[in-house]
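Biologist: Hello! I am new to this structure and would love a close look at one part of it, with enough background to find my way.

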Amino acid sequence: GVLLLDIVISYYDIPKKDEIIQRIQMVQGIAQQRQDTEDQLKKADAQVKIASSQQGGEGKSSSSPASSEKNSQNPVWLYGYGAYVIDADPQFSSMRLSLLERGFIYAIAQVRGGGDMGREWYEDGKFLKKKNTFTDYISCVEHLIREGYTSASRVVAYGGSAGGLLMGAVANMRPDLFSTVIANVPFVDSL
């Protein structure tokens, strides 16, 4: 079966206290059983969350970042940001459907520097502690590989702006962990 989803683009008119719908976009083509999960790994000095989504098929269910069958051939698209107290919470995006339909696991590395786990989490990922952001992301990749969800030859690292800084750092620190690194509008001057 096909799950039909609508994306509604609207704005709220404060003086009129009314929501104005500008556009409705119907999205088709994703199987009914999509799994959204969270996994956590513990580091010596932090706990890092990995939020993920994968398209399921007939009879698949999941409580892990991938299908119930661990497979080192799973391609993984791992997003990271880790700056300015920005939460990297999972959310729907029609642009990711193509990845999910092609068997990718879409995961979010909620690393220090972001706002995912409070103020201290943010503070532990900035200024002289910025390296924590980079090592958290690397730990997420290592965890996915170690647990058998993917392999280094199947990992796509992605981040933009401050996430592009993250991509520049991890590509230089551990180039062996990635098949591809995409640094979208990278802020790498500070490296």
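Biologist: To begin with, what percentage of the 191 residues in the protein chain is made up of buried residues? After that, please take me to helix H4 and tell me what covers its buried residues.

Modeller: Happy to. Please keep in mind that this is a predicted model. Of the 191 residues in the protein chain, 45% are buried. The chain has four helices and eight strands, and along the sequence they come in the order β-β-β-β-β-α-β-α-α-β-α-β. Considering contacts between residues at least 6 apart in sequence, 65% join residues at least 24 apart.

Now to H4 itself. This helix has twelve residues, and from its first C-alpha to its last it reaches 17 Å, close to the 16 Å expected at 1.5 Å a residue. H4 is mostly covered, with nine of its twelve residues buried. Those buried residues are Ala-162, Gly-163, Gly-164, Leu-165, Leu-166, Met-167, Gly-168, Ala-169 and Val-170. Their cover includes strand S5, helix H3, and strands S7 and S8.

Just ahead of the helix, in the loop between S7 and H4, you will find Ser-161. Its phi is positive, about 60°, although Ser-161 is not a glycine. Ser-161 counts as partly exposed because its relative accessibility is 33%, which falls between the 20% limit for buried and the 50% limit for exposed.

Next, look at the core that H4 helps to build. The largest nonpolar core has 22 residues, and among those with the most contacts inside it are Val-170, Leu-78, Tyr-137, Val-141 and Phe-178. The elements that give it two or more residues are S5 (76-80), S6 (105-110), H3 (131-146), S7 (155-160) and H4 (162-173). H3 gives the most, with six residues. For a view from one of the core residues, take Val-141: leaving aside residues up to four places away in sequence, Val-141 touches Leu-78, Val-155, Leu-177 and Phe-178. There is also a second, separate core of eight residues, including Leu-99, Phe-104, Tyr-106 and Ile-108.

S5, part of the cover of H4, deserves a stop as well. Val-76 is found in this strand, and it counts as buried because its relative accessibility is 1%. Not counting residues up to four places away in sequence, Val-76 touches Phe-104, Ile-105, Leu-144, Thr-150, Arg-154, Val-155 and Val-156. Val-76 and Ala-157 are 81 residues apart in sequence, yet their C-alpha atoms are 8.3 Å apart in space.

Another part of that cover is S8 (180-184). In the segment after S8 comes Val-185, which has a positive phi of about 35° although it is not a glycine. Val-185 counts as exposed because its relative accessibility is 59%.

Finally, let us step out to the surface. Tyr-84, Ile-86 and Phe-187 form a nonpolar patch there, with about 320 Å² of accessible area together. Ile-86 lies in the loop between S5 and helix H1 (97-101), and with 42% relative accessibility it therefore counts as partly exposed. The accessible surface of the protein chain comes to about 10400 Å², and 51% of that belongs to carbon and sulfur atoms.

Note on methods
Residues numbered from 1 in each chain as written. Predicted model: local features only at pLDDT ≥ 70, side-chain atom pairs only at ≥ 80, totals over all residues. Heavy atoms only, no water. Patch = residues over 30% accessible without salt bridge, like charges linked within 9 Å, V, L, I, M, F, W, Y side chains within 5 Å. Areas by Shrake-Rupley, 256 points an atom, 1.4 Å probe, with all protein chains shown as cover. Salt bridge = Lys/Arg side-chain N within 4 Å of Asp/Glu carboxyl O. Buried < 20%, exposed > 50% of the residue type's maximum accessible area, 1.4 Å probe, protein only. Core = buried A, V, L, I, M, F, W, Y, C linked by side-chain atoms within 4.5 Å. Contact = heavy atoms within 4.5 Å. Expected span 1.5 Å × (residues − 1).
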